[in-house]
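Thank you all for making the time this morning. I would like to walk you through one model, and I will ask a few questions as we go.

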Amino acid sequence: IDRIQQIKLTDRNFTKAHRELSFYLPQKEDISTTTVRISVPVSFAHYMHWDRPYYGFIEEEVIDGHAIMTFHSRNVEEEFARWFLMFADKAIILEPMSLKMRIKELVDAIRIP
């Protein structure tokens with residue numbers, strides 16, 4: 001804007017139709033996902049709000065004071081499991097059982113001197 005020499009307000013509206021952003025983004029190939037469902041107290045769920053899209057967040061349903069979150073995760077064993085560990089003391093894994101087992105493996109591998 002440092003090169004603008006003159007500006008004038010007119011009655012003409014500037015409109016330009018743009019395509020959806022998805023048109024410009026590269027199409028992702030079909031990658032299989034695993035459905036993950038977790039339960040978190042509503043009072044704690046807001047801490048997860050910013051990160052959850054990166055892990056395949058699909059929807060949230062509030063039932064009896066708990067946010068039931070559904071994800072379609074591309075990498076349950078590593079990415080999702082390690083993200084989940086950040087708040088594992090507040091959340092319950094509803095499915096899949098393989099995620100529960102992976103979390104147990106990771107916790108058992110923690111070495112505390």
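Let me begin with a single side chain: does Arg52 count as buried or exposed? What we have on the screen is a predicted model, and in it Arg52 counts as buried, because its relative accessibility is 10%, where the cut-off for buried is under 20%. Arg52 is found in the loop between α2, residues 42–45, and β2. Its side chain makes a polar contact with the side chain of Glu60, at 2.5 Å. If we leave out residues up to four places away in sequence, Arg52 touches Phe57, Glu60, Met69, Phe71 and Trp83.

Two of those residues, Glu60 and Met69, lead us into the sheet, since Met69 in β3 is the bridge partner of Glu60. The sheet is an open one of 4 strands, in the order β2-β3-β1-β4, and the pairing is antiparallel. Its edge strands are β2, residues 57–63, and β4, residues 92–95, each of which pairs on one side only. On average, and with direction ignored, neighbouring strands here are turned by 25 degrees against each other. As a reminder for those who do not look at sheets every day, strands pair through backbone hydrogen bonds, and they do so either parallel or antiparallel.

Now let me go through the pairs in turn. The strands β2 and β3 pair in the antiparallel sense over 6 bridges, and the hairpin that they form has 2 residues between the strands. Within that loop between β2 and β3 we find Asp64, whose phi is near 50 degrees, a positive value in a residue other than glycine. Asp64 is exposed, because its relative accessible area is 75%.

Moving to the next pair, β1 and β3 are joined in the antiparallel sense over 8 bridges, and Thr34 stands opposite Ser73 in β3. At 4% relative accessibility, Ser73 counts as buried, and its side chain reaches the backbone nitrogen of Asn75 at 3.3 Å. Not counting residues up to four places away in sequence, Ser73 touches Ser32, Thr33, Thr34, Val36, Tyr55 and Phe80.

In the same strand, β3, we also find Phe71, which is one of the residues that Arg52 touches. Phe71 is buried, with a relative accessible area of 0%. With its neighbours within four places in sequence left aside, the contacts of Phe71 include Thr34, Val36 and Ile38, and also Arg52, Tyr55, Phe80 and Trp83. The C-alpha atoms of Phe71 and Glu60, which are 11 residues apart along the chain, are separated by 9.2 Å.

On the other side of β1, which spans residues 34–41, 3 bridges join that strand to β4, and the two run antiparallel. Here Arg37 stands opposite Glu95 in β4, and Ile93 in β4 is the bridge partner of Ile38.

What is the peptide bond from Glu95 to Pro96, cis or trans? In this model the bond is cis, with omega near 0 degrees, and Pro96 is found in the loop between β4 and α4.

That brings me to the helices. Helix α3, residues 76–84, lies across β1, β3 and β4, and runs at about 5 degrees to β1. Helix α4, residues 97–108, has 12 residues and reaches 17 Å from its first C-alpha to its last, which is close to the 16 Å expected at 1.5 Å a residue.

Which residues of α4 are buried? They are Leu99, Arg102, Ile103 and Leu106, and because they cover an arc of only 100 degrees around the axis, they are on the same side of α4. These buried residues pack against β1, α3 and β4. The face turned away from that buried side carries the exposed residues Met97, Met101, Lys104 and Asp108.

To close, let me return to where we started: Arg52 is a buried residue in this model, and its side chain is in polar contact with that of Glu60, whose bridge partner in β3 is Met69. I am happy to go back to any of these views.

Methods
Residues numbered from 1 in each chain as written. Predicted model: local features only at pLDDT ≥ 70, side-chain atom pairs only at ≥ 80, totals over all residues. Heavy atoms only, no water. Pairing = 2+ DSSP bridges. Axes fitted to C-alpha atoms, helices over the stretch in contact; angles between N-to-C directions. Contact = heavy atoms within 4.5 Å. Expected span 1.5 Å × (residues − 1). Buried < 20%, exposed > 50% of the residue type's maximum accessible area, 1.4 Å probe, protein only. Arc of directions from axis to C-beta. Polar contact = N/O pair within 3.5 Å; in protein donor to acceptor, adjacent residues only side chain to side chain.
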